[in-house]
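Me: Could you take a close look at the backbone of this model for me? I'd like to hear about one loop in particular, and then how the other unusual spots in the chain sit around it.

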Amino acid sequence: WEAVPVAAPLPGAEEAKRIKRPWASVRVPGHWQLEDAFAAYEGLVLYRCRFEARAPFGLEMLSLRFGGVYYSARVWLNGIYLGSHEGYFAAFEFDCTEAVIGGENELLVEVCSPEEPEENDRKTIGGVWARWDGMSPHINPGGIFREVSVVRSGKAHVRSLGVEADPSGRGRAFVDLYARRRTRASLKGWVRPLGFESPGAEFEEDVWVEPGCTRFEIRFFLSHPRLWWTWDRGEQPLYELLLVCDGEEERVRFGVRSVELRDWKLYLNGERTFLRGINYLPTDVYPARSSEDRLRVDAELVRGANMNAVRVHAHVAEEGFYAACDELGVLVFQDFPLQWIHRREILEPAIAQAKEMARDLRNHPSIGVYLAHDEPFYVAPPEKWTTLGLLRTTVEVLSPRW
């Protein structure tokens with residue numbers, strides 16, 4: 001990949017050809033501040049890569065998938081604008097069937113990760129990376145920090161797969177299918193235990209997929225399910241759902257359990273559970289450097305400290321951390337990355353990103369409670385304390401808007 005800083009958003013892909021500054025080689029997945037050419041930079045960066053591809057054949061569809069971009073992105077492929085996305089933690093994709101050509105293709109991605117100069121005037125939903133007092137203010141994880149891939153599929157493409165099952169054995173699979181035109185698709189699913197003997201389940205259903213993205217909910221039943229518990233209360237049995245849609249396969253891992261809050265007391269599988277936990281910050285200030293081994297060690301440290309719960313503080317962690325908590329029996333309190341005061345215009349993207357967070361994390365049995373907003377009031381760091389500021393903080397903390 002190559003990249004170049006830009007002063008303003010591009011009107012179109014053709015503007016990239018007029019850039020006279022030299023393009024620097026960059027790593028993807030990665031963060032531009034880890035490159036010598038962009039150290040300490042914040043703002044807009046234009047990424048470019050060229051890749052070979054085979055043009056779609058017959059009813060074949062192609063999708064361009066991004067695992068994660070901090071913080072927002074606009075995308076062009078061979079000069080065709082595919083779309084935009086805001087929010088760093090969620091995967092997103094675009095239909096690129098008509099944009100891909102046989103031979104060499106050029107991909108342009110404009111990535112925006114602006115500076116947050118004020119603690120109480122945030123314009124991004126970045127949590128710990130948006131002017132949090134525990135993070136050095138010069139750190140900005142801007143960049144394409146997860147994998148980018150071209151996905152080939154048939155006439156219907158699985159964009160998202162989720163599953164849930166309660167202690168009674170009632171289960172539901174949630175399938176988001178994308179199609180370019182109205183088409184019929186066959187969904188076949190198999191639920192199997194992972195590493196233990198227990199009854200599984202199967203289902204099969206033919207569905208009509210409308211143009212665009214259509215969501216389906218398919219019910220199944222697990223006989224005598226084994227329940228997921230925190231490590232101090234029981235075992236952590238995990239199941240896998242394999243879904244096949246017209247030749248395309250998707251797999252997700254899940255557990256069977258229920259989590260309830262009754263009068264602010266937590267009940268796991270109907271039994272009141274006393275939680276011992278700690279706040280968890282990012283494994284690395286630059287998430288692309290978070291290896292699977294480091295993420296697992298973090299979860300092992302929580303359990304090794306005799307804790308059965310952890311709060312992922314003001315950020316969404318990398319997938320490996322949640323997978324480790326699933327296996328180790330650590331219950332997760334998951335923050336949405338809102339902290340202190342933001343501009344009012346972030347409300348609409350916050351709602352969209354909250355849906356994405358729930359979509360991407362719903363399969364993990366370890367995630368039991370979601371938290372919407374950390375300290376939703378005015379906060380000033382000690383070096384900015386004033387009598388009026390401290391009074392405002394006190395009033396907002398005690399006010400009914402809690």
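Reply: Asn 269 sits in the loop that links strand S20 (265–268) to strand S21 (271–272). In this predicted model, its phi is near 55 degrees, which is a positive value in a residue that is not glycine. As for surroundings, Asn 269 has a relative accessibility of 13%, and since buried means under 20%, Asn 269 counts as buried.

A good partner for that residue is His 224, where phi is again positive in a residue other than glycine, near 50 degrees. The loop holding His 224 runs between strand S16 (212–221) and strand S17 (239–245). Here the relative accessible area is 66%, and because exposed means over 50%, His 224 is exposed. So you have a positive phi at a buried Asn 269 and another at an exposed His 224.

While you are checking the backbone, have a look at the omega angles too. The peptide bond leading from Val 28 into Pro 29 is cis, with omega near 5 degrees. Pro 29 belongs to the loop between strand S2 (24–25) and strand S3 (43–53). A cis bond also joins Tyr 70 to Tyr 71, again with omega near 5 degrees, and this one does not involve proline. Tyr 71 lies in the loop between strand S5 (69–70) and strand S6 (72–77).

Note on methods: Residues are numbered from 1 along each chain as its sequence is written. This is a predicted model: local features need pLDDT of at least 70, side-chain atom pairs count only at pLDDT 80 or more; totals for chains, interfaces and linings use all residues. Side-chain values use heavy atoms; hydrogens and water are left out. Helices (H or I, at least four residues) and strands (E, at least two) are DSSP runs, numbered from the N terminus. Buried means under 20% relative accessible area, exposed over 50%, partly exposed in between (1.4 Å probe, protein chains only).
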